[in-house]
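Student: I would like to go through some computed features of this model. Please show the structure before we start.

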Amino acid sequence: MSEWLVLALAMLAACVVVVIVTLLRHRTAAEDEDPSETPDVIEYMTMWIGVVYAIVLGLAIAGVWEARVAAQDHVQAEAQALHEISERVRVYPPDVRDRIRADIDAYVGHVVTTEWKTMSDHGHVTKQGGQLLERVRADVTDYKPASDFQAQAYQPLVDQVAAADQARTARADSTGATMPGVVWFGLIAGAVITIGMVFALQIRRTRRELILAGLFSALIAFLLFLIWDFDAPYSRGIAASAGPFLSLFPHIKG
């Protein structure tokens with residue numbers, strides 16, 4: 001059973017239960033019951049719909065913002081690990097050191113020029129980027145230390161390669177949208193219901209009420225746009241940038 005079918009059945013069941021309870025309550029109510037003593041149902045429901053929807057919007061904004069911050073952290077971790085490798089190989093012979101640094105520069109250059117655009121446009125990393133990182137891994141792991149000093153630096157270098165690979169995998173996993181379609185359905189449906197309740201209260205055509213209704217609708221539209229803008233951490237609006245790569249490898253031109 002798909003999640004959309006489960007959602008439709010759950011919503012239908014909730015509506016049916018409310019209707020049945022309301023009809024039973026109406027039939028069993030005493031004849032002398034005065035409904036005017038109870039608070040206005042529409043105003044009460046409007047208040048709670050607004051409160052619940054505000055909570056949902058807040059949670060959605062917090063979720064996509066956290067995903068965007070995590071995406072930037074993945075970039076920072078990957079760039080820092082590669083920078084550590086580039087610096088720590090100074091204890092290796094010049095030919096080995098220069099080869100490792102050249103392969104790291106090739107990988108970083110590919111990320112900031114080619115792979116970043118692919119992530120933004122298509123939502124995935126490139127195969128070539130993975131191959132270039134594997135070349136760096138081979139450079140580091142295949143070298144046999146020639147002295148105790150080099151042997152002491154070998155394992156930390158391998159660990160940094162693993163950290164860079166892990167950060168790249170996390171970056172690849174966070175390139176797409178973070179909000180499921182069912183959540184978007186709830187956000188949009190909630191916006192329609194919340195704004196629709198304004199008309200259920202039968203607002204008048206006074207300038208003040210029209211301005212307030214317009215501002216309220218514009219605010220909800222802005223918050224939904226904000227969620228959509230943060231939803232893809234690498235491709236929209238205030239997106240995660242390749243700044244850590246460029247700052248740690250200033251000789252690479254983005």
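Student: Is Trp 228 buried, partly exposed or exposed?

Tutor: This is a predicted model, in which local features need pLDDT of at least 70, side-chain atom pairs count only at pLDDT 80 or more, and totals for chains, interfaces and linings use all residues. Residues are numbered from 1 along each chain as its sequence is written, and side-chain values use heavy atoms, without hydrogens and water. Buried means under 20% relative accessible area, exposed over 50%, and partly exposed in between (1.4 Å probe, protein chains only). Trp 228 has 39% relative accessibility, so its class is partly exposed.

Student: How is the ring pair of Phe 225 and Trp 228 classed: stacked, edge-to-face or tilted?

Tutor: Rings of Phe, Tyr and Trp (its six-membered ring) pair if their centres lie within 6.5 Å; planes under 30 degrees apart are stacked, over 60 edge-to-face, and the rest tilted. For Phe 225 and Trp 228 the centres are 5.8 Å apart and the planes at 35 degrees, so the pair is tilted.

Student: What is the relative accessibility of Phe 225?

Tutor: Phe 225, like its partner, falls in the partly exposed class. The value for Phe 225 is 46%.

Student: Which element gives the most residues to the largest nonpolar core?

Tutor: A nonpolar core is a set of buried Ala, Val, Leu, Ile, Met, Phe, Trp, Tyr and Cys residues joined through side-chain atoms within 4.5 Å. The largest has 31 residues, with Leu 82 and Trp 116 among those with the most contacts inside it. Nine of its residues come from the element that gives the most, α3.

Notes: Helices (H or I, at least four residues) and strands (E, at least two) are DSSP runs, numbered from the N terminus.
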